[in-house]
Amino acid sequence: MTTGRSARLSSEDYRLAVASIIRNLQKNGDLSDAHLATRLGCSTGTIRNARGRATSLDPLILARIEQEFGPGAIDPFLALGKVRAVPLADATLPMDPVLAIVEALHRIVEVQSVDSEGGSRITVAELRKIIEELRHGRTALDALIARAEAIR
């Protein structure tokens, strides 16, 4: 009998999500294990082990990742619960929200141009090229929505 529930999460699911987070941070920030460890206040071995799925990462380090790199940084972990992080109303954003939204929209228009790789249809490759602008735009929208909801 199907109950509609998904399969129970495993430690391996958690480790895969954490490894993805570490790889994303290192790729996007051009960070070595040592640099990332310094920013997070942990050992290089902790980063290496988490990236290699050898051990589980302490939840405190996950919190530091979100604090250091902003909303969305630990979304691969949160996706295990079918959720994602959004900034709170009093969050300080590293960018002007309006400019971040405009930049994201501008990049979407660029990749929808008939002269773009996919023509008027956006390809996965094009989306990957603009992922950071899309994330910044999403974060900015989430922050503005949180502020508006806090005013109620």
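So, the second largest pocket: α1 and α8 each put at least two residues into its lining. I'll say right away that this is a predicted model, so please hear everything today in that light. Of those two helices, α1 is the main contributor to this lining, giving three residues, the most of any element. If you want to click along, the lining residues are N24, K27, N28, R128, I131 and R135. Sorted by class, that's three charged, two polar and one nonpolar. The volume comes out at about 160 Å³.

Okay, now the largest pocket. Its volume is about 560 Å³. There are 24 residues around it, and the ones closest to the centre are F69, P71, A73, E132 and R135. Keep an eye on R135, by the way: R135 is also in the lining of the second largest pocket. Which elements give two or more residues to the largest pocket's lining? Those are α1, which is 11–29, α4, which is 59–69, α5, which is 75–78, and α8. The largest share is from α8, with six residues. As for chemistry, the lining has ten nonpolar residues, eight polar ones and six charged ones.

Since α8 keeps coming up, let's look at that helix. It covers residues 131–151, so 21 residues, and at 1.5 Å a residue we should get a span of 30 Å. The C-alpha atoms at its two ends sit 30 Å apart, which agrees. Which residues of α8 are buried? G137, T139, A140, D142, A143 and A146. Part of what covers them is α6, residues 97–111.

There's a loop residue to show you here as well. A89 is in the loop between α5 and α6, and A89 touches A146, R147 and A150, leaving aside anything up to four places away in sequence. A146 is one of those buried α8 residues I just listed. Also, the C-alpha atoms of A89 and A143 are 6.1 Å apart, with their positions 54 residues apart along the chain. Is A89 buried, partly exposed or exposed? Its relative accessibility is 29%, so A89 counts as partly exposed.

Next up, α4, which we met in the largest pocket's lining. The buried residues in α4 are I61, L62, I65 and E66. Look down the axis of α4 and these buried residues fall within an arc of 145 degrees, so they line one face of the helix. For those of you turning the model around, the cover over them includes α1, α2, which is 33–40, and α5.

Last, two backbone oddities. D30 has a positive phi, about 50 degrees, and D30 is not a glycine. You'll find D30 in the loop between α1 and α2. At 71% relative accessibility, D30 counts as exposed. The other one is K82, again not a glycine, with a positive phi of about 65 degrees. Where is K82? In the loop between α5 and α6, which is where A89 is found too. K82 is exposed, with a relative accessible area of 72%.

To wrap up, if you only remember one helix from this predicted model, I'd pick α8. It gives the largest share of the largest pocket's lining, it supplies at least two residues to the second largest pocket, and A89 touches its residue A146. That's it from me, happy to go back to any of the views.

Terms used
Residues are numbered from 1 along each chain as its sequence is written. This is a predicted model: local features need pLDDT of at least 70, side-chain atom pairs count only at pLDDT 80 or more; totals for chains, interfaces and linings use all residues. Side-chain values use heavy atoms; hydrogens and water are left out. Helices (H or I, at least four residues) and strands (E, at least two) are DSSP runs, numbered from the N terminus. The expected span of a helix is 1.5 Å times one less than its number of residues. Buried means under 20% relative accessible area, exposed over 50%, partly exposed in between (1.4 Å probe, protein chains only). Contact means heavy atoms within 4.5 Å. On a 1 Å grid over the protein atoms alone, a cavity is a set of points where a 1.4 Å probe fits but cannot get out, and a pocket is an open set with protein on both sides within 12 Å along at least five of seven lines; lining residues have an atom within 4 Å of a point. Grid points are joined across faces, edges and corners, and a volume is the space filled by probe spheres set on the points. Ala, Val, Leu, Ile, Met, Phe, Trp, Tyr, Cys and Pro count as nonpolar, Asp, Glu, Lys and Arg as charged, and the others, Gly among them, as polar. The arc is that of the directions from the helix axis to the C-beta atoms.
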